[in-house]
Amino acid sequence: MDPRINEEQLMMMRNVRKIMEEKVAPRAAEIDEKAVFPRDVHQLFSENEIYSLVVPPEYGGLDGQLLTLCICISEISRVCASSSMVLGNQSLGAAPIALRGNEQQKSRYLPKTATGELLPCFALTEPNAGSDVSSMQTRAVPDGDDYIISGNKCFITHAEVGDPFTVFAKVRVNGKDKITAFIVDRDTPGLSFGKNENKMGLRGSPTGTVILENVRVPKENILGNIGDGFRIAFDSLDKGRIMTGAMAIGLAQGALECARDYAKTRVQFGKLIGEQQGIQFMLADMETSIQAARSLMLTAAYKYDNKEADMVRFSAMSKLFATDMVMNVTTNAVQILGGYGYCREYPVERMMRDAKVFAIFEGTNQIQRIVIARDLMKD
Ligand SMILES: Cc1cc2nc3c(=O)[nH]c(=O)nc-3n(C[C@H](O)[C@H](O)[C@H](O)COP(=O)(O)OP(=O)(O)OC[C@H]3O[C@@H](n4cnc5c(N)ncnc54)[C@H](O)[C@@H]3O)c2cc1C
């Protein structure tokens with residue numbers, strides 16, 4: 001085990017693995033089939049204090065270390081990637097408040113996030129503003145002590161169960177648009193929800209639309225100051241990208257184990273396919289790429305926890321490498337299972353579908369390359 005992982009972190013990781021294998025593994029295929037938010041998994045995370053991984057200790061969290069969250073979330077996605085989104089979105093949703101909330105905002109929202117009473121969401125993307133965040137059209141207009149927000153957010157993870165939402169909107173100040181982050185409670189009049197997307201994978205993690213029609217929020221709900229939104233979004237994503245890499249690594253690990261086990265039982269041409277060098281080389285490459293991704297992810301998480309200056313580059317690199325890797329590994333896992341790999345009887349088909357999105361959300365892998373290259377050119 002990596003020397004950066006201490007005994008307590010290892011214990012937590014093993015505990016999560018046990019819970020996942022006992023309680024979620026038997027239901028992982030059904031979670032994908034049903035394509036609804038898995039409330040039983042949410043309940044399980046709440047009862048076993050797994051949500052405490054996403055909140056600083058002062059507000060009911062465990063150790064506040066991203067590394068602990070990453071090694072545990074890998075254990076979740078190893079069994080069920082949709083379930084890893086339940087914890088992953090809890091972290092991304094809480095991040096703007098944890099990173100830039102004032103004392104009042106933190107004590108109002110974070111303890112309930114640590115217990116799972118609240119499921120915060122991150123509402124940045126819009127129909128015409130994906131990678132290009134600055135082209136967002138959602139606006140917040142001052143009105144007395146309040147702001148009135150109007151616009152549409154799309155692709156919002158767990159919108160249908162979320163509360164509160166960090167909504168990013170433009171505020172016009174002296175003729176300039178300033179992206180600003182607002183906390184919007186679910187029961188605020190004017191907030192409604194559109195249809196969920198019918199997705200290729202991560203089907204147990206509903207992705208929906210958030211509609212804001214003259215939503216009035218008090219100015220106390222602004223995170224940081226007017227114009228801090230861009231920074232808040234990207235600081236949250238720096239953390240989220242390392243975690244996304246960790247989710248991809250767990251998923252790849254699950255697919256590799258399935259392919260290895262199959263190769264140890266399937267006989268063709270009178271011997272196990274696992275005894276064919278062609279299959280062994282595939283398994284060896286899969287294992288090597290997973291370990292390389294894990295090593296980079298642990299470095300990135302360590303740098304994040306220790307506030308090292310090159311953390312942003314490492315965050316983007318770990319996301320890029322792990323999420324391209326998981327597509328290769330899950331595709332090869334399907335290949336190793338042959339025709340059975342292509343059918344729902346085995347989990348690798350689901351794993352391959354689940355894998356694709358990791359290179360798309362939290363900033364596409366093209367955007368990660370831009371971040372890495374930009375940072376590199378500064379050296
Ligand atoms: C399952 C799922 C869950 C999501 N959850 C959330 C959420 O909770 N909150 C949230 O706010 N958003 C969420 N998103 C949105 C996600 O972050 C965006 O889909 C992503 O940022 C990409 O934006 P886009 O889809 O508009 O693609 P686009 O930005 O339109 O990109 C299309 C293609 O062009 C490429 N591209 C764009 N610009 C460049 C460039 N400058 N150079 C090279 N290539 C470029 C992209 O890499 C991509 O391949 C989610 C998306 C999905 C699919």
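This is a tour of a predicted model, taken selection by selection.

**Stop 1: helix α1 and Arg17**

Begin with helix α1, residues 7-24, and pick Arg17 within it. The residue is partly exposed, at 30% relative accessible area. Now add Ile76 to the selection: 59 residues separate it from Arg17 in sequence, while the C-alpha atoms of the two are 7.0 Å apart. Which residues does Arg17 touch, apart from those up to four places away in sequence? They are Glu75 and Arg78.

**Stop 2: helices α4 and α5**

Ile76 leads on to the next pair of helices. Select residues 66-79 for α4 and residues 81-100 for α5. Their axes are 6 Å apart and meet at an angle of about 150°. Angles over 145 degrees count as roughly antiparallel, and the two helices are therefore described as roughly antiparallel to each other. To display the contact, show Leu69, Ile73, Ile76, Ser77 and Val79 on the α4 side. On the α5 side, show Ala81, Ser83, Ser84, Leu87, Gly88 and Ser91. By class, the residues of this contact are 6 nonpolar and 5 polar, with no charged ones.

**Stop 3: cysteines**

Next, select the cysteine sulfurs. How many disulfides does a search of the whole structure find? The count is 0. Take Cys70 as one case: the nearest cysteine sulfur belongs to Cys72 and is 9.4 Å away, and Cys70 is in no disulfide. Cys70 is buried, with a relative accessible area of 0%.

Move to Cys80. Why is there no bond from its sulfur to that of Cys258? The sulfur in Cys258 is the closest cysteine sulfur, but at 14 Å it is too far for a bond; a disulfide requires the two sulfur atoms to be within 2.5 Å. Cys80 also counts as buried, at 2% relative accessibility.

**Stop 4: helix α3 and His42**

Go to helix α3 and select His42. Is this side of the helix buried or exposed at His42? His42 is buried, with a relative accessible area of 11%. Expand the selection to its contacts, leaving aside neighbours within four places in sequence: Phe37, Tyr51, Val86, Gly116 and Leu119. For Leu119, the C-alpha distance to His42 is 9.6 Å, across 77 residues of chain.

A little further along the chain, in the loop between α3 (39-47) and α4, select Glu49. Its phi is near 55°, a positive value in a residue other than glycine. Glu49 is exposed, with a relative accessible area of 56%.

**Stop 5: strand β4 and its partners**

Select residues 165-173, strand β4, where 7 of the 9 residues are buried. Two pairings can be followed from here.

- With β1, residues 121-123, β4 pairs in the parallel sense over 3 bridges. Phe122 stands opposite Thr166 of β4.
- With β5, residues 176-184, β4 runs antiparallel and is joined by 9 bridges. Val167 has Phe182 in β5 as its bridge partner.

Zoom in on the turn of the β4-β5 hairpin, which has 2 residues between the strands. Asn174 in that turn has a positive phi of about 45°.

Then step back to the loop between β3 and β4 and select Pro164. Check omega of the peptide bond from Asp163 to Pro164: the value is near -5°, and the bond is cis.

**Stop 6: strand β7 and its partners**

Select residues 207-218, strand β7, together with β3, residues 146-157. These strands run antiparallel and are joined by 9 bridges. To find the register, label Tyr147, which stands opposite Val217 in β7.

Add β6, residues 191-196, which runs antiparallel to β7 and is joined to it by 4 bridges. Which residue of β7 is the bridge partner of Phe193? The partner is Val210.

Finish in the loop between β6 and β7, at Leu202. Phi of Leu202 is near 45°, a positive value in a residue other than glycine. Leu202 is buried, at 2% relative accessible area, whereas Glu49, the loop residue at Stop 4, is exposed.

How values were computed
Residues are numbered from 1 along each chain as its sequence is written. This is a predicted model: local features need pLDDT of at least 70, side-chain atom pairs count only at pLDDT 80 or more; totals for chains, interfaces and linings use all residues. Side-chain values use heavy atoms; hydrogens and water are left out. Buried means under 20% relative accessible area, exposed over 50%, partly exposed in between (1.4 Å probe, protein chains only). Two strands pair if DSSP finds at least two bridges between them. Axes are lines fitted to C-alpha atoms, for helices over the stretch in contact, and angles run from 0 to 180 degrees between N-to-C directions. Angles under 35 degrees count as roughly parallel, over 145 as roughly antiparallel, 65 to 115 as roughly perpendicular and the rest as oblique. Contact means heavy atoms within 4.5 Å. Ala, Val, Leu, Ile, Met, Phe, Trp, Tyr, Cys and Pro count as nonpolar, Asp, Glu, Lys and Arg as charged, and the others, Gly among them, as polar.
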